[in-house]
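The following exercises are to be worked through with the structure in view. Each task is followed by a solution in steps.

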Amino acid sequence: MSSLAMQGRPLFLHYCAACHGVTGDGDGYNAEQLEKEPAELSNEKFIGKKKDSQIYRVIKFGGLGVKKSHLMPVFGHTLSEEEIWSLVAYVRYLAEDDDHPVTVPADVSKTRPASLPLAHDSVESFSEWFLKNGTDSTLISKGEKLFRKKKSCYACHQLDDEGGVVGPDLSRAGFYYTPEWIFRWIGNPQKVKPESRMPNLGLNNEECRAITAFLVSLQEPEFNKKWQGYLDSPGDAVQGEKIFFDAEGKANCGKCHAVNDRGGKVGPPLSFVGTSRTKAFLLESILKPKAVITSGYSSVLILTKKGKFITGIKLNEDDSSVDLIDKEGTSLHILKNDIKRFKTQKISIMPGNFKDILTEEEIRHLLAYLATLKIQN
Ligand code: HEC
Ligand code: HEC
Ligand code: HEC
């Protein structure tokens, strides 16, 4: 493999394999969710007749940018020009196309497009605007159209059991996320989480507003009324923090969750859930973790050829191996050759019995603590 293709390989596994498959056969786990088949990049005939500039353009501008399907996302707002060239080289490698060695043109940029491609409202002025206009039905239907037909969102996210499964199911997005958070996240996911697999889709301010209005309109039809009591009176954040990190206590949330680098890595970091998640959703996450499995934290079950069962959360996968972390926080590296069966399970690694072992007051303290975890700036 050329050194340029070597550079493209981890990018391909991170951003492309979900649809195109780890070997480029077009059979990634997300492929069957899509109405249009992801191209078979390992097919030499298909790739061999394309120019470098054609492969480059579809990655940079997305499917719609070259009159193909909107289900192929745009990566030019996320990756540097040089990284995109490295992907062109890796695609040629996957197709075993040795006749067209790829070289990077002179003067391409090596830095990622870090700043916003377009100016967006500040969170404060968005909030003000959203209070007045957020439920406008024309705006909501404009947002829905962008989501389903124009901006690749549907290629990675489900609505009512249809659509992609790379990111979280958004059928109840308005119940999970605050409007401010959706607006901020979709405008530039990398600013919040540089390693996110969700690319920056280059949305302008109007598009961010419309999509946010659409997603906020997707609410939880039947929030458990019995849980309202947990939300009605406020808890004490200082006590909540103690319960969260008490290694001898009943909850010991910190064993699995980190807040600003303090705590474990089995579950998602919770450093700014006070900004991003609604209180009702945080409550549901504690009382009934399996109702929503955080994207990237599904538990997998592996049966090895030697007859051993292993469960954990999948961190990485390539053509020859899988990396897991188990519920004690131990990292495991498993060769695909040793695996007999591999299954993603609809259960959470997070214990499901906090409702029974914690008092209502303790849960209110925890919620109060989580609410203080805000993103800076
Ligand atoms: C969410 C799914 C998805 C992801 C992620 C994705 N693709 Fe695609 N890709 C598609 C689909 C669907 C097509 C078929 C488009 C069409 O033919 O209209 C496609 C087509 C292509 C093509 C062929 C275009 C042509 O000229 O026919 C290339 C090359 C490609 N993708 C490269 C990539 C690379 C490189 C990445 C990662 C940076 C990537 N794709 C990520 C879904 C995806
Ligand atoms: C290539 C796949 C992909 C595409 C395309 C995509 N997303 Fe995502 N999205 C993800 C993934 C993966 C996550 C989980 C993020 C993470 O934690 O890194 C995510 C997370 C989200 C979240 C939740 C953020 C949070 O705090 O957890 C929202 C809201 C969202 N996406 C909306 C959108 C919208 C709107 C679009 C279209 C404009 C879109 N996504 C396009 C993959 C994608
Ligand atoms: C054994 C490990 C473990 C323990 C202990 C644990 N969690 Fe979790 N938690 C997880 C995992 C794994 C997930 C992701 C899967 C899921 O969504 O259920 C998660 C998800 C969450 C989420 C949803 C995050 C999001 O943004 O979607 C919240 C909130 C949460 N946990 C809070 C807590 C609190 C509060 C405690 C202590 C009372 C706790 N957890 C204890 C492992 C754990």
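Helices (H or I, at least four residues) and strands (E, at least two) are DSSP runs, numbered from the N terminus. The model is predicted: local features need pLDDT of at least 70, side-chain atom pairs count only at pLDDT 80 or more, and totals for chains, interfaces and linings use all residues. Residues are numbered from 1 along each chain as its sequence is written, while chains are lettered from A and ligands numbered from 1 in the order in which they are written.

**Exercise 1. Describe the surroundings of ligand 1.**

Step 1. A residue is near a molecule if its C-beta atom, placed from the backbone, lies within 6 Å of it. Ligand 1 is surrounded by 27 residues, and the closest are C16, C19, K68, S69 and M72.

Step 2. At least two residues of this shell come from each of α2, α4 (52–65), α5 (81–94) and α8. Helix α4 gives the most, with five residues.

Step 3. For the classes, Ala, Val, Leu, Ile, Met, Phe, Trp, Tyr, Cys and Pro count as nonpolar, Asp, Glu, Lys and Arg as charged, and the others, Gly among them, as polar. The shell around ligand 1 then divides into 19 nonpolar, six polar and two charged residues.

**Exercise 2. Describe the shells around ligand 2 and ligand 3.**

Step 1. Around ligand 2 there are 27 residues, the closest being C153, C156, G167, S196 and M198. The elements that give two or more residues to this shell are α8 (153–156) and α10 (179–187).

Step 2. The shell around ligand 2 has 17 nonpolar, seven polar and three charged residues.

Step 3. Ligand 3 has 27 residues around it, of which C253, C256, G267, S348 and M350 come nearest. Helix α16 (residues 279–287) gives the most to this shell, with three residues. By class, the shell around ligand 3 holds 18 nonpolar, six polar and three charged residues.

**Exercise 3. Determine why A18 counts as buried, and name its contacts.**

Step 1. A18 lies in helix α2 (residues 17–20).

Step 2. A residue is buried if 20 or more other C-beta atoms, placed from the backbone, lie within 10 Å of its own, exposed if 12 or fewer, and partly exposed in between. A18 counts as buried because it has 23 C-beta neighbours inside 10 Å.

Step 3. Two residues are in contact if their C-beta atoms, placed from the backbone, lie within 7 Å. Not counting residues up to four places away in sequence, A18 touches G28, Y29, N30 and V166. The C-alpha atoms of A18 and N30 are separated by 5.5 Å, although the two residues are 12 apart along the chain.

**Exercise 4. Examine how β7 and β8 are arranged.**

Step 1. Two strands pair if DSSP finds at least two bridges between them. Strand β7 (residues 321–325) and β8 pair in the antiparallel sense over five bridges.

Step 2. I325 stands opposite S331 in β8. The two strands, β7 and β8, form a hairpin with five residues between them, and G329 in the turn has a positive phi of about 90 degrees.

Step 3. Strand β8 (residues 331–335) is hardly covered, with zero buried residues among its five.

**Exercise 5. State how confident the prediction is.**

Step 1. pLDDT is the predictor's confidence in each residue, from 0 to 100. The protein chain has a mean pLDDT of 93, and 99% of its residues reach 70 or more.

Step 2. Among the elements of the protein chain, helix α13 (residues 228–232) has the lowest mean pLDDT (88) and α8 the highest (98).
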